[in-house]
Number of protein chains: 2
Amino acid sequence: MDEQKIKEQSRVGGAGSKVDPPRETRRRGEILETAILQAAWDELSDVGYTHLTIEGVAVRARTNKAVVYRRWGNKAKLVVATLQRYLPKPPRDVPDTGNLRNDMLILLRGIAQPLQTVGAETIQGLMAEYLSKDLIASIPQIMHPGTESKSTIAMKTILKQAELRGEVHLENLNPRIISLPIDLLRYEILITHEPISDRTIHEIVDDIFLPIVQV
Amino acid sequence: MDEQKIKEQSRVGGAGSKVDPPRETRRRGEILETAILQAAWDELSDVGYTHLTIEGVAVRARTNKAVVYRRWGNKAKLVVATLQRYLPKPPRDVPDTGNLRNDMLILLRGIAQPLQTVGAETIQGLMAEYLSKDLIASIPQIMHPGTESKSTIAMKTILKQAELRGEVHLENLNPRIISLPIDLLRYEILITHEPISDRTIHEIVDDIFLPIVQV
DNA sequence: GAAATAAGAAACTAATAGTACCTTATTCAC
DNA sequence: GTGAATAAGGTACTATTAGTTTCTTATTTC
């Protein structure tokens with residue numbers, strides 16, 4: 001695979017398996033940037049965060065390291081930008097089925113999906129490289145607690161709806177309980193390295209969350 | 001600091017700030033191994049997991065890379081061995097104060113302490129490098145769920161004691177609830193990068209765990 | 001005391017990060 | 001349209017670190 005990359009690099013035309021079709025014009029600005037991020041996204045799914053290199057991304061985007069470094073100073077920043085652009089967003093609208101349990105299940109499935117798409121390896125890689133949480137916090141889908149994420153707002157909305165129906169009493173719910181289900185999802189992703197099963201989501205809702213909030 | 005290290009390396013005698021006093025005899029076996037692990041432990045607390053290098057450890061132990069590599073094939077394995085030897089163990093005996101809440105607080109403080117000593121950076125570094133959980137699972141203090149850890153056993157013991165006193169009913173407690181407090185501690189360490197406050201431990205016990213188990 | 005073992009020492013390859021420099025295509029201002 | 005500014009292409013370079021290899025020599029073992 002290394003040999004192939006080098007071949008691609010030195011060759012002017014000719015379509016490889018992982019690269020764009022031959023080009024004549026010189027890309028720049030937004031177009032080039034998109035090509036690089038696309039290449040990074042592909043590379044991420046091909047080789048994973050650990051084995052992703054700037055050089056590899058550059059070659060795949062049919063450009064060179066210097067161009068990438070001009071935009072993103074290191075791997076972590078490049079990957080964050082890539083995730084910001086390509087990671088699927090959780091569903092925009094908050095579930096409202098008239099039943100807290102259903103709403104919770106739907107919400108958590110929606111939150112779990114992007115987390116799984118990124119995968120534990122990438123999250124851990126980013127966390128290990130970027131202890132200054134700011135950067136990783138800029139990816140809404142895998143955001144840290146502390147700030148008010150869309151997910152947290154959705155949780156609160158669902159709970160308020162449930163309160164109106166008399167399903168729960170909110171006055172004694174502190175922030176830790178609100179974020180508990182999402183925290184457990186994140187923990188599950190980080191630790192198990194396996195897809196979050198629907199069974200896990202059910203357990204979080206039925207065995208942990210509902211018993212707490214339903215007084 | 002780099003210059004200093006190189007000086008230490010080339011110098012035959014003379015005590016640096018971070019190295020053993022001058023030696024005459026050639027160490028080997030257990031003694032040398034201990035010296036290397038000690039050096040790795042010191043290096044870990046000095047420069048952190050990310051910036052720890054095999055070379056750095058070797059120099060600090062007044063030996064050389066090859067000797068280290070003969071024993072541990074890479075950084076992760078060396079650090080795991082170091083933690084196995086030097087990381088403080090949680091208290092051996094299970095609290096039994098006659099009160100579930102007290103027991104829980106004591107137990108969780110004991111579990112949190114070694115986790116904090118390792119620190120998020122090291123745990124994340126190990127997790128990022130060692131996706132084959134087996135290795136990290138071999139450090140009891142930061143062990144993953146799935147296997148029956150000493151902490152889990154302690155939790156169960158405490159709960160059984162509480163059941164005998166009539167404080168809780170155990171029949172409807174699944175494993176996820178048992179491991180919940182410890183999972184939350186681990187999550188907290190990984191995410192916040194800050195020492196676990198006693199307030200956090202109180203919240204885990206009072207706002208989350210007790211409401212679930214006390215029917 | 002000889003043979004086996006493992007440490008000490010240093011040199012070496014390979015991968016990657018990140019930088020520097022120069023050439024050339026493209027854009028933009030006039 | 002022309003010329004200056006900008007940014008991409010391309011390449012070579014330094015520095016760091018991982019991990020290996022090889023040889024010498026101290027120490028243990030039998």
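**Exercise 1.** In this predicted model, determine how far a polar side-chain atom of B:Arg26 lies from a base oxygen of DNA strand D, and then look for further side chains that approach the bases of that strand.

*Solution.* Begin with chain B, where the separation between a polar side-chain atom of B:Arg26 and a base oxygen of DNA strand D is 2.9 Å. Turning to chain A, an N or O atom in the side chain of A:Arg70 is found 3.2 Å from a base oxygen of DNA strand D, while for A:Asn64 the side-chain N or O atom lies 3.4 Å from a base nitrogen of the strand. These distances can be set against the cut-off for a polar contact, which is 3.5 Å between N or O atoms.

**Exercise 2.** Describe the protein surface near DNA strand D by its residues and by the helices that supply it.

*Solution.* There are 22 residues around DNA strand D, and those that come nearest are A:Thr63, A:Arg71, B:Arg26, B:Lys65 and B:Tyr69. On the side of the strand, sugar and phosphate make up 56% of its atoms that come within 4 Å of the protein. Sorted by character, the residues of this surface comprise nine charged, seven polar and six nonpolar. At least two residues each are supplied by helix H2 (29-51) and helix H4 (65-71) of chain A, and by helix H4 (65-71) of chain B.

**Exercise 3.** Characterise the fold of chain A from its elements, burial and contacts.

*Solution.* Chain A holds eleven helices and zero strands. Of its 215 residues, 50% are buried. Finally, considering contacts between residues at least 6 apart in sequence, one finds that 71% join residues at least 24 apart.

Technical notes: Residues are numbered from 1 along each chain as its sequence is written. Chains are lettered from A and ligands numbered from 1 in the order in which they are written. This is a predicted model: local features need pLDDT of at least 70, side-chain atom pairs count only at pLDDT 80 or more; totals for chains, interfaces and linings use all residues. Side-chain values use heavy atoms; hydrogens and water are left out. A residue is near a molecule or strand if one of its heavy atoms lies within 4 Å of it. A polar contact is a pair of N or O atoms within 3.5 Å; within protein, one must be able to donate a hydrogen and the other to accept it, and residues adjacent in sequence count only if both atoms are side-chain atoms. Helices (H or I, at least four residues) and strands (E, at least two) are DSSP runs, numbered from the N terminus. Ala, Val, Leu, Ile, Met, Phe, Trp, Tyr, Cys and Pro count as nonpolar, Asp, Glu, Lys and Arg as charged, and the others, Gly among them, as polar. Buried means under 20% relative accessible area, exposed over 50%, partly exposed in between (1.4 Å probe, protein chains only). Contact means heavy atoms within 4.5 Å.
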